[in-house]
There are 2 protein chains.
Amino acid sequence: MQDIITDKEREEKQSELVEIMGRISCRGGGTALSGRILGLLSFLDQEEFTFEEIVDRLKISKSSVSTTLNHLMESDKIEYITYPGDRKRYFRIKVNTPKTFIQSLRKYIERFEKVNRAALDLKKDRNSRSAKNIQAMLKSLTFWKAQMDEYEKEFNIDEL
Amino acid sequence: MQDIITDKEREEKQSELVEIMGRISCRGGGTALSGRILGLLSFLDQEEFTFEEIVDRLKISKSSVSTTLNHLMESDKIEYITYPGDRKRYFRIKVNTPKTFIQSLRKYIERFEKVNRAALDLKKDRNSRSAKNIQAMLKSLTFWKAQMDEYEKEFNIDEL
DNA sequence: TAGTCAGTTCGGAAATAATAGAACCAAACA
DNA sequence: TGTTTGGTTCTATTATTTCCGAACTGACTA
């Protein structure tokens with residue numbers, strides 16, 4: 001049964017989700033603030049927000065918005081567009097963020113793998129408990145890297 | 001060509017890796033200290049370490065070691081064993097840690113999925129740019145959850 | 001040329017997290 | 001009974017992160 005919901009109610013609920021995103025984003029490598037900005041650009045019905053709108057709606061300082069927007073652009077999570085005769089930048093989420101998400105995870109995994117491989121090479125006894133554990137770990141890391149390749153193949157959306 | 005390496009050199013290199021683990025572990029949800037403890041228990045040739053040995057080797061305070069060891073045990077990364085007539089606890093890494101690693105990731109993904117699904121439900125226009133982006137995201141989250149199931153099946157080592 | 005607009009940059013305050021220090025405690029033991 | 005061993009717990013201290021305010025900048029505009 002579909003509830004009838006007013007636009008105002010809808011927006012309130014959306015704003016709640018924005019706050020939740022802020023909370024989630026702390027884990028997942030981001031600040032509360034970057035999470036809320038991502039939520040705003042993603043969850044509201046409005047598709048593009050100016051700098052000022054973001055400041056007003058989220059009630060965060062211009063400086064924080066400025067630095068956070070730049071981080072989010074650097075990490076390819078958002079982008080902005082402009083309109084002729086309008087100085088403002090209109091920010092919006094960049095489509096298909098998940099790919100970049102995986103890329104940073106891959107980097108982490110690769111680093112981890114490297115250290116563990118080095119540690120294994122230094123082991124006196126490769127059949128020791130801890131050496132075997134490292135081997136098991138490396139095996140599963142290999143699994144995940146393969147899965148990532150799979151993923152990139154499957155979701156390989158055309159880059160801009 | 002295999003290099004000949006003395007035990008001393010080996011241990012030095014292993015200790016270096018322990019420090020690197022400390023650095024890596026910051027990302028990956030842990031403290032530098034917990035990373036170093038994991039490295040110590042995992043990378044050295046010695047398989048079991050007492051509380052005191054950890055304190056001495058890593059030069060961190062008893063209190064920090066105590067709390068960190070307890071965290072690591074809670075999150076199933078390490079365990080200890082005892083020997084009759086010896087009060088000391090002998091700490092060692094718990095085999096097959098990777099599984100628990102995936103479990104925490106899964107929890108995060110599920111939370112993220114939930115918020116995004118809620119946001120999608122609140123969208124006025126499901127064909128809007130941001131709505132489509134959410135849909136794409138959800139699709140890839142589904143992919144990863146399936147991959148995790150796959151992983152657990154493949155690496156399903158017998159629980160203690 | 002002065003003034004506004006749309007931000008950026010710099011310094012620091014506030015909050016939070018990580019680590020240490022010291023006192024404490026329970027079990028074993030002399 | 002007092003003392004040592006093997007830790008724990010509670011309270012600082014220190015470091016780091018996050019965020020803000022205020023001053024600044026460069027492009028445009030009146």
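This tour goes from the protein surface at DNA strand D to the sheet of chain B.

The model is predicted, with local features requiring pLDDT of at least 70 and side-chain atom pairs pLDDT 80 or more, while totals for chains, interfaces and linings use all residues. Residues are numbered from 1 along each chain as its sequence is written, chains are lettered from A in the order in which they are written, and side-chain values use heavy atoms, leaving out hydrogens and water.

Select DNA strand D and the 16 residues around it, the closest being A:S63, A:S64, B:K62, B:S66 and B:R87; a residue is near if one of its heavy atoms lies within 4 Å. Of the strand D atoms within 4 Å of the protein, 56% belong to sugar and phosphate. Among the elements supplying at least two residues each are α2 (32-43) of chain A and β3 (86-93) of chain B, while α4(B) gives the most, with four residues; helices (H or I, at least four residues) and strands (E, at least two) are DSSP runs.

Next, show the side chain of A:S63, where an N or O atom is 2.8 Å from a base oxygen of DNA strand D. For A:S64 the partner is a phosphate oxygen, at 2.8 Å, and for A:T31 a phosphate oxygen at 3.1 Å.

Finally, select the sheet of chain B, an open, antiparallel arrangement of three strands in the order β1-β3-β2, where strands pair if DSSP finds at least two bridges between them. β1 (49-50) and β2 (78-83) each have a single partner strand, so one side of each lacks a neighbour in the sheet. Five bridges join β2(B) to β3(B), and B:E79 stands opposite B:R92 in β3(B).

Definitions and conventions: Polar contact = N/O pair within 3.5 Å; in protein donor to acceptor, adjacent residues only side chain to side chain.
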